[in-house]
Amino acid sequence: MIKAVILDLGNVVIQTDYNRVYSILEQHSHCPKERMRDLIFASPVYRDFEMGNSSIEQFYEEVTRTIQLKMDLKQFCAVWSDAFLPEAILPDELLRTLASRYRLIALSDNNPIHFPVIRNLFPILNRFHDFTLSYQVKAIKPMPEIYEAAVQKAGCLPQECFFVDDVERNVQGARNCGLHGYRFESHEKLLQTLKERGINFKGDQADQLS
């Protein structure tokens, strides 16, 4: 029986668009935005930051050096936090009803620039009982340690946890640790899967499937 629902944040609960960030950084750098993903986001620089192995200042210095960025730290943090679109993907009512029936945990590869911003921008995150964040537990998905930390916060067995992520390797990582894993595609498909798995929710979402 499922006792906890564990949700990824980016592109499951809230929408992200890093092209917005790269477009602004390009205006202050000699590096074309098409190369920035490989040089920053897909590089050890960003991985170390999300694993909590470097500070905000160290991350800023590495990015500045890597793409020859002409921008002060305060401005950089503001731009780096412009990756979030205002409308959440999942409705507040769904998270509210899930939280009333299950232990609701967020499991996210995140960093100390982004997390305070999204907590402020998205009141929907207050529905979660707890958060497992990569920079706090020193592990990123699909490392086993991050799932183990989430299960511990869920307060139940791995097989009693239902995990949702939009990236297949992260879902597989959860399955390897004994959790039930589901790759997110859309709000509607998630509702159908919740129903099929016997995960109870009520309100307008349930009425759509009755």
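In which loop is K138 found? I began with this residue in what is a predicted model, and I located K138 in the loop between helix 8 and helix 9.

**Backbone entries**

I looked up the backbone of K138 and noted a positive phi of about 65°, although the residue is not a glycine. Its relative accessibility is 45%, and I therefore entered K138 as partly exposed, since that class lies between the 20% limit for buried and the 50% limit for exposed.

I stayed with the loop between helix 8 (134-137) and helix 9 (144-154), where P142 has its place, and checked the peptide bond that joins K141 and P142, which is cis with an omega of about 5°.

I then turned to N11, which lies in the loop between strand 1 (4-7) and strand 2 (14-16). N11, which is not a glycine, has a positive phi of about 65°, and with a relative accessible area of 32% I recorded N11 as partly exposed.

**Aromatic entries**

I searched the whole structure for aromatic pairs and found 15. For F41 and Y46 I noted ring centres 4.9 Å apart and planes at 35°, so I listed the pair as tilted; the angle falls between the 30 degrees below which planes count as stacked and the 60 above which they count as edge-to-face. F41 is partly exposed at a relative accessible area of 25%, whereas Y46, at 5% relative accessibility, counts as buried.

I took F76 and W80 as a further pair, with ring centres 5.6 Å apart and planes at 25°, so this pair is stacked. Both F76 and W80 are buried. Why are F76 and W80 separated by about one helical turn? I traced this to their positions in helix 5 (residues 73-80), because they are four residues apart there.

I next asked which residues belong with these pairs, and I found one aromatic cluster formed by Y18, Y22, F41, Y46, F49, F59, Y60, F76 and W80.

**Helix packing entries**

I followed the cluster members into the helices. The axes of helix 1 (residues 18-26) and helix 2 (residues 33-41) come within 9 Å and cross at roughly 110°, and I therefore entered helix 1 and helix 2 as roughly perpendicular to each other. On the side of helix 1 the contact is made by Y18, Y22, S23, L25 and E26, and on the side of helix 2 by K33, E34, M36, R37 and F41.

How do helix 4 and helix 5 cross? I noted that the axes of helix 4 (residues 56-67) and helix 5 come within 11 Å, with a crossing of roughly 90°, and these two helices are therefore roughly perpendicular to each other. I listed I56, E57, F59, Y60 and V63 in helix 4 as meeting L73, F76, C77 and W80 in helix 5, so that the stacked pair of F76 and W80 takes part in this contact from the helix 5 side.

**Strand entries**

Last, I looked at strand 6 (residues 161-165) and strand 7 (residues 180-183), which run parallel and are joined by four bridges. Among the residues of strand 6 I looked up F163, whose bridge partner in strand 7 is G181. I then followed the chain from strand 6 through helix 10 (residues 168-176) to strand 7, and I recorded these three elements as a right-handed β-α-β unit.

Note on methods: Residues are numbered from 1 along each chain as its sequence is written. This is a predicted model: local features need pLDDT of at least 70, side-chain atom pairs count only at pLDDT 80 or more; totals for chains, interfaces and linings use all residues. Side-chain values use heavy atoms; hydrogens and water are left out. Buried means under 20% relative accessible area, exposed over 50%, partly exposed in between (1.4 Å probe, protein chains only). Rings of Phe, Tyr and Trp (its six-membered ring) pair if their centres lie within 6.5 Å; planes under 30 degrees apart count as stacked, over 60 as edge-to-face and the rest as tilted. Two strands pair if DSSP finds at least two bridges between them. A crossover is right-handed if, with the strands pointing away from the viewer, the path from the first strand over the helix to the second runs clockwise. Axes are lines fitted to C-alpha atoms, for helices over the stretch in contact, and angles run from 0 to 180 degrees between N-to-C directions. Angles under 35 degrees count as roughly parallel, over 145 as roughly antiparallel, 65 to 115 as roughly perpendicular and the rest as oblique. Contact means heavy atoms within 4.5 Å.
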